[in-house]
Each structure stands twice: as structure tokens, then as C-alpha cells.
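Here are a few notes for when you next have the structure open. They begin with a sheet and the helices on it, then turn to one residue in a loop.

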Amino acid sequence: MKNTLKDLNVFLHPKQKAILNNLTEKNPIIDSIPVKPASHGFYNVFAKTTSIDGMEEVDFDEELPTVGISFELGQERLGKIGGTLAMPKDAAEAMGGYSAYANNRLPQIIADAGNKKERRIYYKGFIAKALANKRFINVGGTSAGKQFSMAFIHWDEDSTVGLYNPNDASSGKLFAQLPLNGGKEYKVKDLNYAIGKEIAAWIQFGLQLADERFVHALVNIEPKQNENDRDKIDGLPTAMMIDDAIAAVRGEPYSTIIYCHTTLIGKLALKYQLPQRQVTDATRGVSYLITEWNKIPFVGSYNVNWGTEEVIG
């Protein structure tokens, strides 16, 4: 996939590049999402096609049909990924000053904020959209609090895409940084009112899922060890279910990604790949790999629930 947040690094100030790497490094879903500039800074206006009066084949000398497209306008607001950092005076001085303290601590704050945003993107974005439009396949799991899911997304720059504020990007500062209280020391509440400073850092980011055809899911996946053969796993989606979900979003290798928890990819490998290809090596042991399904890539994330989802009716 092209035009992701990481691709914007070439336009950013050197310090901004490091910050953006901290966001995407441990957040593979965010890292994989193609992005485009929002049309109006902090929100994006888009046109959703509702019907097409298309071209038709006619005989020579016959009248050509009238063509046209009907659409409705929609709007998607951007949200924020970021956080605030409270910096105690004594600790900051011991580390070489407030700037040094912030440079040491902000990467962890930003990565954690990205973790939370990534989880929200998966459940409040991908899965919620698939369920709302009844575009999902029930794999059959029934145990409460023991389910996995998989999201199938066809990315399209017009309708299904990530959004960023172009005003921030053009200035070379995709991440905004704001010293609170004018950058002056004060009694900080988050430090139990000890003397210090606070700084906020955030990026404006949005997710647009305007075409319901391009979002699908497999739900109620409940992996279990086979009672008769401990090397086999039951409860995983069948190959046909995965194929159908890909077809449902008109999946293509250049546009489509399968998202799920990282360990679920490993379980699929055990079921579908290991029996066919088992390689032993004196230095590496047993090696098996599944990175794609019929050339549609997987993206696994530890920010997705690890087999603790509820049963979806």
C-alpha cells in the first residue's frame, strides 16, 4: 500500500519524523492505512455514489444514451491521536532539562496513544461498520468472552481511506506540540501539584469508511484444540469463508488488507500452512510462515483483543 503516514516522513521536519515513527512502530494497523489530505483541514467532504446511468453499446447511427452519476455528499471529521506529558522539575533537571525529559518520555506517550487509537479503529471503525451493514460471516463460536474476529478492508482513495490535516503536513509539523501554561513552571495537578511543566502533543487523524461494500468481517472465531488430534485446531474459519470475505470487498492484492490479532495469523498458519510446509533447521528450529491469503496481505496487531471478544448474535 502507498501513501501511508510513514510516506509523509519525506515532508516532515527531522524531529517530526522520529515522532511519527514512534506512532507507527507499534501500531501496524495505523501504519498500513493509506491516507490523503482532508479537504477542509480538520474535516473531509466526500461524494458517495448512489447510482450510475452508464454507457451502453449501440448500433451504428443509433442515438447514444444519456449518462450520469447520482451521489450524496458526506462529511468525516478528524480525531486526535496524542497525549499530555507532565514533567516534574527535579526529575527534569536530573535528566538535563525539560526538553531532554520530553524527548525521553514523549515517544512512549505517543506510542501508547496510538495503541488506544488503533484499537478504536479496529472495533469502532472496521468491525462496527461491518456489523451495522450486516456484512459479516458468523464462523460459529459460542463461548462468551473467548472469540476472535477478522476485518477485511478494501482501501480506496475516494471512499475508504485515512485522513490527515494538510495544513499541518505543509508546515512540516504533522504532530502539534503545545507547552501548557505558556511553557512556564506551575503546580501541576497530574504531579500531585508538585512544581513542573506540561506539554501536549497530537496528530489530527481520521478514518473514512464511506463505502459499505469495502468493509467485511469474520466474527465468532473460537480456536480450540481438536479432542482427537492435539496437533489440529478447530473453530477457525474455513478457506471458503476467507475467500468469500475477500470477494465481498472485491479484494485485490494492491488494495485489500486482512486485519486481526497477531496470534490468530499463527493459528491459521498451523491449520493451513504447517501441514504442507514444515522446514527444520539446526539454528532456527521449525519455521512456518503465513503473511498473505491468495496474495491478500495480513496485518496482525496486539492492540486487537486476544481471544476475549463477546459472541456476536
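1. A word on terms before the details: two strands are said to pair if DSSP finds at least two bridges between them. Please keep in mind that this is a predicted model.

2. The sheet is an open one with six strands, and its order reads β5-β11-β6-β14-β18-β17, with mixed pairing. At its edges are β5 (136-138) and β17 (292-293), each of which pairs on one side only.

3. Do have a look at β6 (residues 148-154) and β11 (residues 215-221), which run antiparallel and are joined by five bridges. Within this pair, methionine 150 has leucine 218 of β11 as its bridge partner.

4. Two helices deserve a glance here. Helix α7 (residues 262-272) packs on the sheet and touches β6, β11, β14, β17 and β18; the direction of α7 makes about 100° with that of β14. Helix α4 (residues 98-132) lies across β5, β6, β11, β14 (256-261) and β18 (296-301), and α4 runs at about 80° to β6.

5. Now for the loop between β7 (160-164) and α5 (166-170), where you will find asparagine 165. Is asparagine 165 buried or exposed? Its relative accessibility is 6%, so asparagine 165 counts as buried, the cut-off for buried being under 20%.

6. What does asparagine 165 touch, leaving aside residues up to four places away in sequence? The contacts are Gly41, Phe42, Leu78, Leu174 and Gln204. With glutamine 204, the side chain of asparagine 165 makes a side-chain polar contact of 3.4 Å.

Definitions and conventions:
Residues numbered from 1 in each chain as written. Predicted model: local features only at pLDDT ≥ 70, side-chain atom pairs only at ≥ 80, totals over all residues. Heavy atoms only, no water. Helix = DSSP H or I, 4+ residues; strand = E, 2+ residues; numbered from the N terminus. Contact = heavy atoms within 4.5 Å. Axes fitted to C-alpha atoms, helices over the stretch in contact; angles between N-to-C directions. Buried < 20%, exposed > 50% of the residue type's maximum accessible area, 1.4 Å probe, protein only. Polar contact = N/O pair within 3.5 Å; in protein donor to acceptor, adjacent residues only side chain to side chain.
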